[in-house]
Amino acid sequence: MLIDLSTGREIVVADLFAADATWLEELAAAARKDLEAQFGADTLFDEGLAADAANFRHLAVTATGVVLRFDKYQVAPGTAGTPWVDLPWSAIASLVDPAGPVAHLLP
């Protein structure tokens, strides 16, 4: 759960990104690229990396970017554990809503 500490309001993941941004597709592509480097392309599960909001519900905001966490067996075999991907703000800055709750974190 993401909370805007200045208002106490819950932030849904879509609130972070510009309304016209293809953020799901971009996050899916970035996550796939990173996970392929970690585990190899032939070990990944396509369904768990599809551009579906349910696949990216474990998103954390940090000062340096976003962290995408995946459930065990969601994107790779169980031996991969619970994989995660760190995306720096510079990699997704074009997707972020410039008037949104994390715009102040952009470089």
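Here is a short chat about helix 1 and glutamine 74 in a predicted model.

Residues count from 1 along each chain as its sequence is written, and side-chain values use heavy atoms, with hydrogens and water left out. As this is a predicted model, local features need pLDDT of at least 70 and side-chain atom pairs pLDDT 80 or more, while totals for chains, interfaces and linings use all residues.

User: How far does helix 1 reach from its first C-alpha to its last?
Analyst: Helices here are DSSP runs (H or I, at least four residues; strands are E, at least two), numbered from the N terminus. Helix 1 covers residues 23–39, 17 residues in total. The expected span is 1.5 Å times one less than the number of residues. That gives 24 Å expected, and the helix comes close to it, reaching 24 Å.

User: Why do the buried residues of helix 1 line one face, and what arc do they fall within?
Analyst: Buried means under 20% relative accessible area, exposed over 50%, partly exposed in between (1.4 Å probe, protein chains only). The buried ones are Trp23, Leu24, Leu27, Ala28, Ala31 and Leu35. Taking directions from the helix axis to the C-beta atoms, they line one face because they fall within an arc of 120 degrees.

User: Which residues are exposed on the other side of helix 1?
Analyst: The buried face is covered by elements including strand 3 (59–61) and helix 2 (89–92). Over on the other side, the exposed residues are Lys33 and Ala37.

User: Is glutamine 74 buried or exposed?
Analyst: Glutamine 74 is in the loop between strand 4 and strand 5. Its relative accessibility is 13%, so it counts as buried.

Conventions. Contact means heavy atoms within 4.5 Å.
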